[in-house]
Amino acid sequence: MRALQLAKPGDRLSILCLGAHSDDIEIGAGATLLDLIERGIKLDVHWCVLSGGTIREAEARASAADFLCEAASANIEVLSFPDGFFPERGEAIKEWFESLKRRVEPDVILTHRRDDAHQDHRQVCRLTWNTFRDHQILEYEIPKWDGDFGQPNVYMPVSAAALDRKIELLLKHFGTQRSKQWFDADTFRGLARIRGMECRATERFAEAFFGRKLTLI
């Protein structure tokens, strides 16, 4: 299968990463970002986490800084919308999205999956599409206890080193999440292996996304 490139080594690529909670971006697309940097693509990343109390905000900022330490540039925002109540705070979150649109013009947006089982995730995805109408949007997936996998149609093969680094950083930074039964190296590696098998990734691992609209030239 012929692969399509977002960018070539040496190219500059701006990415807007949107996550409802402090570990979402890392789980859904962390290895993708690390692999792009590893391949010599100069990433300009605007990283936004929409919820976070004192401890979760500290985790979010430290993790994002580690993931993006070799990016060409990084801008990290952590907001304080209440976890679990995003649909009820829709107007305020929409106003924030509108302000974000005036500040960024990304090449690619990484956001939650439209049909995600978590209400906060769905709200972020809905407002992403509602706000950014002329952008390449890829929706990432988050494993969870209630069984929430779809059938992705976009794959990003990643190096074994990038996946190892993603898992290392997740376990290092998110102490508040380690009590969750699904939050462990086996879950993250197992999902990446399945997605790597589906796309025949050279190094056996991949992250998968949902691309609702793609333009080919």
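**Cysteines, cores and hollows in a predicted model**

Counting disulfides here gives zero, with a disulfide taken as a pair of cysteine sulfur atoms within 2.5 Å. The model is a predicted one, so local features need pLDDT of at least 70 and side-chain atom pairs count only at pLDDT 80 or more, while totals for chains, interfaces and linings use all residues. Residues are numbered from 1 along each chain as its sequence is written, and side-chain values use heavy atoms, with hydrogens and water left out.

Two cysteines show why the count stays at zero. For Cys69, the closest cysteine sulfur sits in Cys17, 14 Å away, which is too far for a bond. Cys125 also has Cys17 as the holder of its closest cysteine sulfur, at 15 Å, again too far. As for surroundings, Cys69 is exposed at 51% relative accessibility, whereas Cys125 is buried with 1% relative accessible area (buried is under 20%, exposed over 50% and partly exposed in between, using a 1.4 Å probe and protein chains only).

Cys17 turns up again in the largest nonpolar core, which has 43 residues; it is among the members that touch the most others, along with Ile15, Leu33, Leu43, Trp47, Leu110 and Phe209. A core here means buried Ala, Val, Leu, Ile, Met, Phe, Trp, Tyr and Cys residues joined through side-chain atoms within 4.5 Å. Helix H1 (residues 24-38) supplies the largest share of this core, eight residues; helices (H or I, at least four residues) and strands (E, at least two) are DSSP runs numbered from the N terminus. A second, separate core of 20 residues takes in Val104, Ile109, Cys125 and Phe132. Setting aside residues up to four places away in sequence, Phe209 touches a list that includes Gly28, Ala29, Thr32, Leu110, Tyr140 and Met156, where contact means heavy atoms within 4.5 Å.

Thr111 belongs to strand S4 and is buried, at 0% relative accessible area. Its side chain makes a 3.0 Å polar contact with that of Thr128 (a polar contact is a pair of N or O atoms within 3.5 Å; within protein, one must be able to donate a hydrogen and the other to accept it, and residues adjacent in sequence count only if both atoms are side-chain atoms). Beyond four places in sequence, Thr111 also contacts Cys125, among others. Over in helix H4 (residues 119-131), Asn130 is partly exposed at 28%, and a 2.4 Å polar contact joins its side chain to that of Lys94.

On to the empty space. The largest pocket holds about 1,600 Å³ and has 45 lining residues, with Ala3, Leu4, Gln5, Leu6 and Val154 nearest its centre. Strand S6 (154-158) is one of the elements supplying at least two lining residues, and S6 gives the most, five. There is also one cavity of 30 Å³ or more; the largest cavity has a volume of about 90 Å³. Of its 13 lining residues, Ile27, Lys166, Leu191, Ala192 and Glu207 lie nearest the centre, and helix H6 provides the largest share of the lining, four residues. On a 1 Å grid over the protein atoms alone, a cavity is a set of points where a 1.4 Å probe fits but cannot get out, and a pocket is an open set with protein on both sides within 12 Å along at least five of seven lines; lining residues have an atom within 4 Å of a point. Grid points are joined across faces, edges and corners, and a volume is the space filled by probe spheres set on the points.
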